[in-house]
Amino acid sequence: MNIGKRYILILPVLAALGALEGCATARPGTDKTVLVAPDSLTLTADMEGRADVEVVFQLPGHYLPKRGRLVITPQWMKRQEATCEYVPIVLDSPIYTKKMERREKLDKYTDPYAGIRERVEQTASPIKRPYRQSVELPDGVDEARLVAVVSSDGCGACTGIDTIDMAVVRRPEPVVIEPTIELVWMEPEFVIRPKVIDGKGVAHLQFVINKSEIEYSLGNNREELEGMTRTLAPLLGDTLATVTSFTITGMASADGSLAFNTTLARDRADAAKQWLVERFHIGETVRGLIRVDSRPEGWEPVLTAMTSAGNPDSTAVRKILDTYADAGDDAQERHIRRLPCWNTIRKNYLQKDRKVEYAYSYTLRSFTTDEELLDMYRKRPDAFNEEELLRVAALAGSPAEKREVYQTILRYFPHSKVARNNLAFLYVREGKEHEAGELLGVSEKLIIKE
């Protein structure tokens, strides 16, 4: 039978039955023991703590008193105390059945076990009774012992005659679900995008006073010019590059008239242009695109240098710059020259270097056909944009070739999401989960979706 779960207050009910017959206190001999099959049953509950118990109770002959009732009550035991009970097996002898029927008829008595009691005709013979019940572990309990308490007195209020281990039920071990990240191969559409590069730089050059010619021997001129060469090589020395704009601006110093310094600064910017034309053998077309300009530096750099040095005369200079801000550099210079500290300013705070700034823009030739992409990748991977390199990766034949291209992409474009994802995908496929995790900066388990 499959009886739904019920909690039963056994003792009060069985106490009421005591009025029918006196309690039987005699215990059966040691050879008369109730057995449960299977023996030592251990069950693992589901995640809600539920389990189905299916056993067979085996009672020896004469275990059921010929004038009494047996009540076998499954219950949880926690620290030797019953916590809750389930639907019992109730076995009545023929004599007990007749007495109960008479009482129900004459006294209008209601037997609480009327729906589950069973009459056993041969109490002298062994009895086998299957029992099936869905049980649920008590709250807060991970493992509990399910026992069957046997009463054989007709009332159940006296001492139970036997306690039988039915099963041990425990909750399942917590399933540790390792967090995972699923990698899906990415294949973006190839879109031809113009490769426009903008840049700027500055060279700190020294010139002879009031002269514009560039001399290697002055200051750090040689190092500054070599630095400008390295910066401008991709623009002026690359046959794949097309210059779209180029401006060289000379800085006018604070000392001297604004008109004179502006012209001088422009001449020095033009000297830098001529040096670049000769250095890179620039043709007429590009030479015509290179503009020269000048910009007054004013006295602010002088004030900044004095303030950084903690010179107390910087207060007087600041006052002059604020007072004559609208009058221009020449007016400011006249008043600064009148200060008692002028010789100190001229000696220590007028810049010896003259800045030459340059700003430029150019485009690199785009590669459009698959054949051109593969050919130029072998020659000039530095001339590719991200989209072109991703197309090369898509065209690569073997996983090893694809991996090499993605590594190249990350060298030039370290923030490429597609290259990082697909390279990690290849690593996982090759069993290199650690390398993939380091590449993505994650500790979760990585899996791939083919």
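**Reasoning from values to terms**

Mentor: H62 lies in the loop between β3 and β4, and this residue is a convenient place to begin, provided we keep in mind that the model is predicted.

Trainee: Why is H62 called exposed?

Mentor: The relative accessible area of H62 is 52%, and the word exposed is used for values over 50%, so H62 falls into that class.

Trainee: What makes the backbone of H62 worth a remark?

Mentor: Phi of H62 is near 70°, which is a positive value in a residue that is not glycine. As a general rule, most residues other than glycine have a negative phi.

Trainee: Where is K108, and why is that residue called exposed?

Mentor: K108 is found in the loop between α2 (94–106) and β7 (117–119). Its relative accessible area is 67%, and since the term exposed requires a value over 50%, K108 is exposed. Phi of K108 is also positive, near 55°, in a residue other than glycine.

Trainee: Why is G61 called buried, when this residue sits in a loop?

Mentor: The label depends on accessible area, and buried means under 20%; G61 has a relative accessible area of 16%, so it counts as buried, although its place is the loop between β3 (50–59) and β4 (69–78). Setting aside residues up to four places away in sequence, G61 touches K32, T123, A124, S125 and P126. From G61 to D165, which is 104 residues apart along the chain, the C-alpha separation is 20 Å.

Trainee: How do you know that S212 is buried?

Mentor: The relative accessible area of S212 is 17%, and the cut-off for buried is under 20%, so the term applies to S212. This residue is found in the loop between β12 and α3 (221–236), and beyond its neighbours up to four places away in sequence, S212 touches F207, L264, D267, R268 and A271.

Trainee: What makes R117 and R132 partly exposed?

Mentor: Partly exposed covers what lies between under 20% and over 50%. R117, in strand β7, has a relative accessible area of 26% and is therefore partly exposed; R132, in strand β8 (residues 127–136), has 37% and is therefore partly exposed as well. Leaving aside neighbours within four places in sequence, R117 is in contact with R69, V90, D92, M100, E104 and D111.

Trainee: How do you know that the protein is more spread out than a compact globule?

Mentor: The secondary structure comes to 14 helices and 16 strands. The radius of gyration is 49 Å, well over the 22 Å that the globule rule gives for 450 residues, so the protein is more spread out than a compact globule. The C-alpha trace spans about 135 × 65 × 40 Å along its principal axes. Individual pairs can be given too: the C-alpha atoms of R117 and A309 are separated by 106 Å, and those of R132 and I214 are 104 Å apart.

Trainee: What makes a set of residues a nonpolar core, and which residues have the most contacts inside the largest one?

Mentor: A nonpolar core is a set of buried residues of the kinds Ala, Val, Leu, Ile, Met, Phe, Trp, Tyr and Cys, joined through side-chain atoms within 4.5 Å. The largest such core here has 53 residues, and those with the most contacts inside it are L232, F246, I248 and L276. Helix α13 supplies the largest share of this core, eight residues. A second, separate core of 35 residues includes L41, L43, W76 and Y86.

Trainee: Which residues of α11 are called buried, and what covers them?

Mentor: In helix α11 (residues 386–395) the buried residues are E388, L389, L390, V392 and A393. Their cover includes β12 (195–205), α10 (370–379), α12 (399–412) and α13 (417–429).

Trainee: What makes the bond between A37 and P38 a cis peptide bond?

Mentor: Omega of the bond joining A37 and P38 is about 0°, and the bond is cis; P38 itself has its place in the loop between β1 (35–37) and β2 (41–44). In general, most peptide bonds are trans.

Conventions
Residues are numbered from 1 along each chain as its sequence is written. This is a predicted model: local features need pLDDT of at least 70, side-chain atom pairs count only at pLDDT 80 or more; totals for chains, interfaces and linings use all residues. Side-chain values use heavy atoms; hydrogens and water are left out. Buried means under 20% relative accessible area, exposed over 50%, partly exposed in between (1.4 Å probe, protein chains only). Helices (H or I, at least four residues) and strands (E, at least two) are DSSP runs, numbered from the N terminus. Contact means heavy atoms within 4.5 Å. The radius of gyration is taken over C-alpha atoms; the globule rule is 2.2 Å times the number of residues to the power 0.38.
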